Structures are given as structure tokens and as C-alpha cells.
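Biologist: Got a moment to go through this one with me? I'd like to start with the charged side chains and then move on to the rings.

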Amino acid sequence: MANGTRREKMNENSSMYITNGNKGKAYSDTEKQAIDESDVVVADNISGIDVTREYSDEFYERFIENFQQNHKRRPVYKFFKRFFDIVASLLTLILLSPLFLIVAIAIKCDSKGPVFFKQKRIGMNGKTFTCIKFRSMKTVAPHETATSCLKSPEQYITRVGRFLRRLSIDELPQFYCSLIGTMSIIGYRPLVVTEQHCNEMRERLGVLKMRPGISGYAQVHGRDDVYYKNKAILDAEYVKNASLWGDFKLLFSTVKVILTRKGNDSEKLKTCNSSESQTECEVIQSEHIADAEVATAATLDPLDKAN
């Protein structure tokens, strides 16, 4: 489509775009259809994307096709980023060691099970690594499953775990992952192996060329309110434009997000129980569950499948 024609079409359909300012607005079936048809028009323009909304499959395919990755090696940036990760992670682990001890005691007193929760996740170059967190759920909770995939996940969260998740204290052990090099302080949040759709999108968009992070671009632009496929888009935008100054800005923004608890998943769990959001949550859960079933079936022995 020529630029002039495309610009005119975007102006004609500008009222159909959903932005963060219009989140929650009700649209008629005709309007929704028009919005879906205009998805392709804005598919290569991240500024026009409402990160909380699920778009059409055609939209995501067109975005991936149009997205221009950054193929520069950026050795200076990578050197200083790794240097900062080592120094900052080591200092954080030392300074917060008293807090770690208090949290460990609280977890052991609150419920049976280990202090730390270890889970396989997808990291740099698509390789799996062990992600470490303070355990916030009961030991009976499914292990290799994303929280969004669980039905009524609040039933698994412990009393101490609810507090830890609210302030993101459960994520602090990941500074050890950053220290040893499987993660970075700023990057993209690593997903479990069963979240195949988003992991595949990340691979196609070049996201997995970098280390995953304790926090990142998607975490300060909606966090758990972001639709999971849109997280891959935000992750790709971060990797493409990554810089030391940008990382520092995201680091300070992360502190603000934690203190305001904006987009916190513990709040989202409550929202998922409301009548307005229940349908949307069920759709997301069903897609994640389908991914989990495919991944589980792929690992079964032929005799197990027969049984």
C-alpha cells in the first residue's frame, strides 16, 4: 500500500483504534469487526497498540513480517551491561541477606515445603535454565505451569506468598541468576517452557538473542495487564533499542511500578474473579492450557500415550 493511501486509511479509521485511554470501552459487533480489519494497517506501528488487548492472528503475523530487528553486535553495550549485572547483583544479594533470612523463616513457618521455588524457563538463544524464586505457592500447585494457566490460582497461594507477590519480593532470588549469567537485571521476563505461543513469537522477533531479565519493558508498561502475545512485541521493541541509559530508566521505573503495585498479578487474580473479566481470563487460560497439553504430550513415552 502506498504511504499516502495508507496514511489516508489510517486517518479514516483513527476512531476505531483502541488506545490505553479507551481501555474498557464497549464496542458494537460492527465496530469490533472494523477494528479487526484495521489491525493490519497499524501492524508495524507499536505506538498504536493497546497492550491489554488481543488482536487478530493476521495482525501478529503482519507485525512479525514488518518488524525490523537490530542485527548489530553492540559489544560495548553488552560488556557494560554484564559488568553492571555482576556488581549490582552481588551488592544486592549482600545488602538484602538479612531480608532473605526473614523471608525464609516466614515461608517455613507458614507452609510445608522448600524456601525456594525452582522452575525451568526459556532464556537466551532459546536454551532452558533454572529460574529461582521464593516459594509463594503450596507444594501441591502444578510445578511447570504458568500462574495464568492455573484454574483458580489463588487457592494455591500461601499467606506469606500473597504478601511476597504483592511487593515482588518473591523475585529477589533471581539476582543470583543475574550474578551467574543466566539472567540480567533488565531484559524480558522468562517464560515457562509450556508457554509456546509467546516463546515462538519471541524467537521469530529476535528477542531471545539477549538474556531474560528480572524486570523489563513489558513490566513497566502494564506488567500482568499486558496480553501475553503483546508482551512479545514489547520485548522485541526493547531488544531492538536496548541501551545502558534505557536500562537505567527501566530500572527506576520498575521501583515505581512495584511501589504503586500497578499491573501486579496478585491484583489481577482478584480481577479474574469478576464477571467483566472472567471470560477474557478463561480465554487466556484455555490457550495456555492447550500449550501445556501439547508440550506434555510431546514428552510422553509411546507406551504412556497408549495408556
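Modeller: Sure, and keep in mind that this is a predicted model. A good place to begin is the salt-bridge network that ties together Lys133, Asp170, Glu171 and Arg189.

Biologist: Within that, how far apart are the closest N and O atoms of Lys133 and Asp170?

Modeller: The pair links distant parts of the chain, with Lys133 in strand E2 and Asp170 in the loop between helix H6 and helix H7. Lys133 is buried at 13% relative accessibility, and Asp170 is buried at 3%. The closest N and O atoms of their salt bridge are 3.6 Å apart.

Biologist: How many residues separate Lys81 and Asp247?

Modeller: Those two form a salt bridge, with the closest N and O atoms 2.9 Å apart. Lys81 sits in helix H4 and Asp247 in helix H10, and the separation along the chain is 166 residues.

Biologist: Asp57 and Lys229 also meet in a salt bridge. Is Asp57 buried or exposed?

Modeller: Their N to O distance is 3.7 Å, and the pair joins helix H3 to helix H9. Lys229 is buried, with a relative accessible area of 14%. Exposed means over 50%, and Asp57 has 56% relative accessibility, so Asp57 counts as exposed.

Biologist: On to the rings. Why does the pair Tyr55 and Phe59 count as stacked?

Modeller: Tyr55 is buried at 6% relative accessible area, and Phe59 is buried at 0%. Their ring centres lie 4.4 Å apart. Planes under 30 degrees apart count as stacked, and here the angle between the planes is 25°.

Biologist: What is the centre-to-centre distance for Phe63 and Phe67?

Modeller: Both are buried, Phe63 at 3% relative accessibility and Phe67 at 12%. Their planes are 25° apart, which makes this aromatic pair stacked, and the distance from centre to centre is 5.6 Å.

Biologist: Which residue has its charged end over the ring of Phe67?

Modeller: Phe67, besides its stacked pairing with Phe63, has a charge sitting over its ring. That charge lies 5.2 Å from the ring centre and belongs to Lys240.

Biologist: Last one: which helix gives the largest share of the nonpolar patch?

Modeller: The patch is on the surface, has about 1,300 Å² of accessible area together, and includes Val76, Val87 and Trp245. Helices H4 and H10 are the elements that give two or more residues to it. Val87, which is partly exposed at 36%, is found in H4. With eight residues, the largest share comes from H4.

Notes. Residues numbered from 1 in each chain as written. Predicted model: local features only at pLDDT ≥ 70, side-chain atom pairs only at ≥ 80, totals over all residues. Heavy atoms only, no water. Phe/Tyr/Trp six-rings, centres within 6.5 Å; stacked < 30°, edge-to-face > 60°. Buried < 20%, exposed > 50% of the residue type's maximum accessible area, 1.4 Å probe, protein only. Lys NZ or Arg CZ within 6 Å of the ring centre and 35° of its normal. Patch = residues over 30% accessible without salt bridge, like charges linked within 9 Å, V, L, I, M, F, W, Y side chains within 5 Å. Areas by Shrake-Rupley, 256 points an atom, 1.4 Å probe, with all protein chains shown as cover. Salt bridge = Lys/Arg side-chain N within 4 Å of Asp/Glu carboxyl O. Helix = DSSP H or I, 4+ residues; strand = E, 2+ residues; numbered from the N terminus.
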